Amino acid sequence: MSLFHWIDFSPLGDERGSLVALEAGSTVPFPIKRVYYIFGTKEGVSRGFHAHRQLQQVAVCVTGKCRMVLDNGKKREEAWLDSPTKGVLIQDMVWREMHDFSPDCVLLVLASEHYDECDYIRNYQDFLDVLKK
Ligand code: T46
(Lines give C-alpha, C1' and ligand atoms only; values in the text may rest on other atoms or scores of the structure.)
Protein backbone atom coordinates (compact mmCIF):
# COMPACT_ATOMS: atom_id res chain seq x y z
CA MET A 1 0.00 0.00 0.00
CA SER A 2 1.27 3.48 -0.84
CA LEU A 3 2.49 5.78 1.92
CA PHE A 4 0.58 8.56 0.18
CA HIS A 5 -3.02 8.61 1.35
CA TRP A 6 -4.59 11.19 -0.92
CA ILE A 7 -7.74 13.06 0.00
CA ASP A 8 -9.67 14.70 -2.84
CA PHE A 9 -11.28 18.00 -1.95
CA SER A 10 -14.35 18.76 -4.05
CA PRO A 11 -14.11 22.35 -5.28
CA LEU A 12 -17.28 24.39 -4.95
CA GLY A 13 -16.96 26.30 -8.16
CA ASP A 14 -19.18 28.80 -9.87
CA GLU A 15 -18.67 31.53 -12.43
CA ARG A 16 -16.61 33.52 -9.90
CA GLY A 17 -14.00 30.81 -9.40
CA SER A 18 -13.39 28.03 -6.89
CA LEU A 19 -13.67 27.43 -3.16
CA VAL A 20 -12.60 24.42 -1.10
CA ALA A 21 -13.97 23.84 2.40
CA LEU A 22 -12.12 21.52 4.75
CA GLU A 23 -14.18 20.18 7.64
CA ALA A 24 -13.06 18.04 10.54
CA GLY A 25 -14.81 14.70 10.59
CA SER A 26 -15.58 14.64 6.88
CA THR A 27 -12.86 15.89 4.52
CA VAL A 28 -10.31 15.83 7.33
CA PRO A 29 -10.47 12.58 9.36
CA PHE A 30 -9.56 14.08 12.74
CA PRO A 31 -10.49 17.07 14.92
CA ILE A 32 -8.30 19.98 13.77
CA LYS A 33 -6.39 21.60 16.63
CA ARG A 34 -3.85 23.59 14.63
CA VAL A 35 -3.40 25.12 11.22
CA TYR A 36 -0.10 26.40 9.83
CA TYR A 37 1.26 27.25 6.44
CA ILE A 38 4.70 27.37 4.90
CA PHE A 39 5.40 30.02 2.30
CA GLY A 40 8.25 32.09 0.91
CA THR A 41 10.56 29.07 0.92
CA LYS A 42 13.88 30.08 -0.60
CA GLU A 43 15.19 28.39 -3.73
CA GLY A 44 17.06 25.15 -3.03
CA VAL A 45 15.77 24.89 0.55
CA SER A 46 14.35 21.59 1.79
CA ARG A 47 12.27 21.26 4.98
CA GLY A 48 10.92 18.58 7.25
CA PHE A 49 13.43 15.80 7.98
CA HIS A 50 11.53 14.50 10.96
CA ALA A 51 8.72 12.21 12.07
CA HIS A 52 6.02 12.67 14.69
CA ARG A 53 5.26 10.21 17.45
CA GLN A 54 1.56 11.01 17.68
CA LEU A 55 0.29 13.44 15.13
CA GLN A 56 -1.94 13.25 12.12
CA GLN A 57 -1.75 15.94 9.50
CA VAL A 58 -3.30 16.79 6.17
CA ALA A 59 -1.05 18.81 3.85
CA VAL A 60 -2.11 20.59 0.68
CA CYS A 61 -0.36 23.05 -1.59
CA VAL A 62 -3.03 25.71 -1.95
CA THR A 63 -0.82 27.39 -4.52
CA GLY A 64 2.38 26.29 -6.24
CA LYS A 65 3.96 22.94 -5.62
CA CYS A 66 6.56 20.99 -3.69
CA ARG A 67 7.87 17.44 -3.75
CA MET A 68 7.15 15.44 -0.62
CA VAL A 69 9.07 12.36 0.49
CA LEU A 70 7.48 9.95 2.97
CA ASP A 71 9.37 7.12 4.61
CA ASN A 72 8.06 4.57 7.12
CA GLY A 73 11.43 2.97 7.76
CA LYS A 74 10.70 0.18 5.31
CA LYS A 75 10.01 2.12 2.16
CA ARG A 76 10.46 5.60 0.84
CA GLU A 77 8.10 7.22 -1.66
CA GLU A 78 7.76 10.64 -3.17
CA ALA A 79 5.02 12.61 -4.84
CA TRP A 80 4.31 16.15 -5.95
CA LEU A 81 1.82 18.20 -3.98
CA ASP A 82 0.67 20.40 -6.80
CA SER A 83 -3.07 20.85 -6.53
CA PRO A 84 -5.32 22.87 -4.18
CA THR A 85 -7.89 20.07 -4.46
CA LYS A 86 -5.63 17.21 -3.37
CA GLY A 87 -4.32 16.75 0.15
CA VAL A 88 -2.12 14.08 1.66
CA LEU A 89 -2.84 12.48 5.02
CA ILE A 90 0.34 11.91 7.01
CA GLN A 91 0.00 9.51 9.90
CA ASP A 92 2.13 8.97 13.02
CA MET A 93 5.68 7.71 12.71
CA VAL A 94 6.27 8.64 9.10
CA TRP A 95 9.46 10.48 8.20
CA ARG A 96 8.72 13.44 5.90
CA GLU A 97 10.80 15.75 3.77
CA MET A 98 9.71 18.54 1.45
CA HIS A 99 11.87 19.58 -1.48
CA ASP A 100 11.75 21.67 -4.66
CA PHE A 101 9.31 24.32 -3.44
CA SER A 102 8.13 26.56 -6.24
CA PRO A 103 8.58 30.28 -5.41
CA ASP A 104 4.79 30.71 -5.10
CA CYS A 105 4.25 27.60 -2.95
CA VAL A 106 1.94 27.89 0.04
CA LEU A 107 1.83 24.58 1.87
CA LEU A 108 -1.16 24.50 4.22
CA VAL A 109 -1.14 21.92 7.00
CA LEU A 110 -4.00 20.88 9.28
CA ALA A 111 -2.86 19.09 12.43
CA SER A 112 -4.59 16.90 14.98
CA GLU A 113 -2.60 18.27 17.95
CA HIS A 114 -1.18 21.51 19.25
CA TYR A 115 2.50 22.20 18.62
CA ASP A 116 4.75 20.10 20.82
CA GLU A 117 8.47 19.91 20.10
CA CYS A 118 8.68 16.72 22.23
CA ASP A 119 6.55 14.95 19.62
CA TYR A 120 9.24 15.43 16.95
CA ILE A 121 11.89 12.86 16.08
CA ARG A 122 14.44 14.90 14.18
CA ASN A 123 17.17 12.30 13.79
CA TYR A 124 16.64 9.52 11.21
CA GLN A 125 18.49 6.85 13.22
CA ASP A 126 16.40 7.70 16.30
CA PHE A 127 13.31 7.31 14.12
CA LEU A 128 14.40 3.82 13.06
CA ASP A 129 15.21 2.92 16.68
CA VAL A 130 11.76 4.02 17.89
CA LEU A 131 10.13 1.97 15.10
CA LYS A 132 11.99 -1.14 16.25
CA LYS A 133 10.68 -0.82 19.83
C1 T46 B 1 5.62 18.94 9.49
C2 T46 B 1 6.01 19.64 8.24
C3 T46 B 1 5.10 19.29 7.08
C4 T46 B 1 5.94 26.32 15.91
O5 T46 B 1 6.32 27.06 16.83
N6 T46 B 1 4.64 25.93 15.83
C7 T46 B 1 4.19 25.12 14.84
O8 T46 B 1 2.99 24.78 14.82
C9 T46 B 1 5.13 24.65 13.86
C10 T46 B 1 4.67 23.72 12.75
C11 T46 B 1 6.43 25.05 13.96
N12 T46 B 1 6.81 25.86 14.95
C13 T46 B 1 8.21 26.33 15.01
C14 T46 B 1 9.25 25.25 15.25
C15 T46 B 1 10.46 25.76 14.53
O16 T46 B 1 11.19 26.64 15.35
O17 T46 B 1 8.54 26.87 13.72
C18 T46 B 1 9.87 26.56 13.37
C19 T46 B 1 9.91 25.81 12.04
O20 T46 B 1 9.36 24.49 12.23
P21 T46 B 1 10.01 23.20 11.54
O22 T46 B 1 11.48 23.38 11.41
O23 T46 B 1 9.53 22.00 12.28
O24 T46 B 1 9.34 23.28 10.09
P25 T46 B 1 9.32 22.18 8.95
O26 T46 B 1 8.88 22.85 7.72
O27 T46 B 1 10.59 21.42 8.90
O28 T46 B 1 8.18 21.13 9.41
C29 T46 B 1 6.82 21.55 9.47
C30 T46 B 1 6.17 21.03 10.77
O31 T46 B 1 6.96 21.44 11.89
C32 T46 B 1 6.04 19.54 10.78
O33 T46 B 1 5.19 19.14 11.83
O34 T46 B 1 5.11 17.84 9.46
O35 T46 B 1 6.10 21.05 8.36
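**Entry 1: Phe127**

I began with burial, where a residue is called buried under 20% relative accessible area and exposed over 50%, with partly exposed in between. I applied this to a predicted model, and I looked up Phe127 before anything else. Because its relative accessible area is 0%, Phe127 counts as buried. I then asked where Phe127 is placed, and I found that it belongs to helix H1, which runs over residues 124-132.

Next I looked for what Phe127 touches, leaving aside residues up to four places away in sequence, and I noted Ala51, Asp71, Asn72, Gly73, Met93, Val94, Trp95 and Ile121. I also took the separation of Phe127 from Val58, which lies 69 residues away along the chain, and the two C-alpha atoms turned out to be 21 Å apart.

**Entry 2: the chain as a whole**

I stepped back to the protein chain and found ten strands and one helix. When I read along the sequence, I wrote the pattern down as β-β-β-β-β-β-β-β-β-β-α. The radius of gyration is 15 Å, close to the 14 Å that the globule rule gives for 133 residues, so I recorded the protein chain as being as compact as a globular protein of that length. Along the principal axes, the C-alpha atoms fill a box of roughly 55 × 35 × 30 Å.

I then checked burial over the chain, and 39% of the 133 residues count as buried. For contacts with a separation of 6 or more, I noted that 78% are between residues 24 or more positions apart. The exposed area of the protein chain is about 7800 Å², and carbon and sulfur atoms supply 52% of it.

**Entry 3: charges and salt bridges**

I turned to the charges and noted 16 positive and 19 negative ones, whose mean positions lie 4 Å apart. How many salt bridges does a search of the whole structure find? The search gave ten, and I followed several of them up.

I took the pair of Arg16 and Asp14, whose side chains meet in a salt bridge at 2.7 Å from N to O. Arg16 counts as exposed because its relative accessibility is 73%, while Asp14, at 35%, counts as partly exposed.

I went on to Glu113 and Lys33, where the salt bridge has an N to O distance of 3.3 Å. Glu113 sits in the loop between strand E9 (106-111) and strand E10 (120-121), and Lys33 in the loop between strand E1 (5-8) and strand E2 (34-39), so this pair ties together parts that are 80 residues apart in sequence. Both ends are partly exposed, with Glu113 at 33% relative accessibility and Lys33 at 44%.

**Entry 4: back to Asp71**

I returned to Asp71, which I had listed among the residues that Phe127 touches. Is Asp71 buried or exposed? Asp71 is buried, because its relative accessible area is 4%, and that is under the 20% cut-off. I found that the side chain of Asp71 meets that of Arg76 in a salt bridge, at 3.7 Å from N to O. Arg76, for its part, is partly exposed at 47% relative accessibility, so I wrote this pair down as one buried residue joined to one partly exposed residue.

I closed with a group of three residues, as Arg67, Glu78 and Asp100 are linked in a network of salt bridges.

Conventions:
Residues numbered from 1 in each chain as written. Predicted model: local features only at pLDDT ≥ 70, side-chain atom pairs only at ≥ 80, totals over all residues. Heavy atoms only, no water. Helix = DSSP H or I, 4+ residues; strand = E, 2+ residues; numbered from the N terminus. Buried < 20%, exposed > 50% of the residue type's maximum accessible area, 1.4 Å probe, protein only. Contact = heavy atoms within 4.5 Å. Rg over C-alpha atoms; globule rule 2.2 N^0.38 Å. Areas by Shrake-Rupley, 256 points an atom, 1.4 Å probe, with all protein chains shown as cover. Lys, Arg positive; Asp, Glu negative; His and termini not counted. Charge placed at Lys NZ, Arg CZ, Asp CG, Glu CD. Salt bridge = Lys/Arg side-chain N within 4 Å of Asp/Glu carboxyl O.
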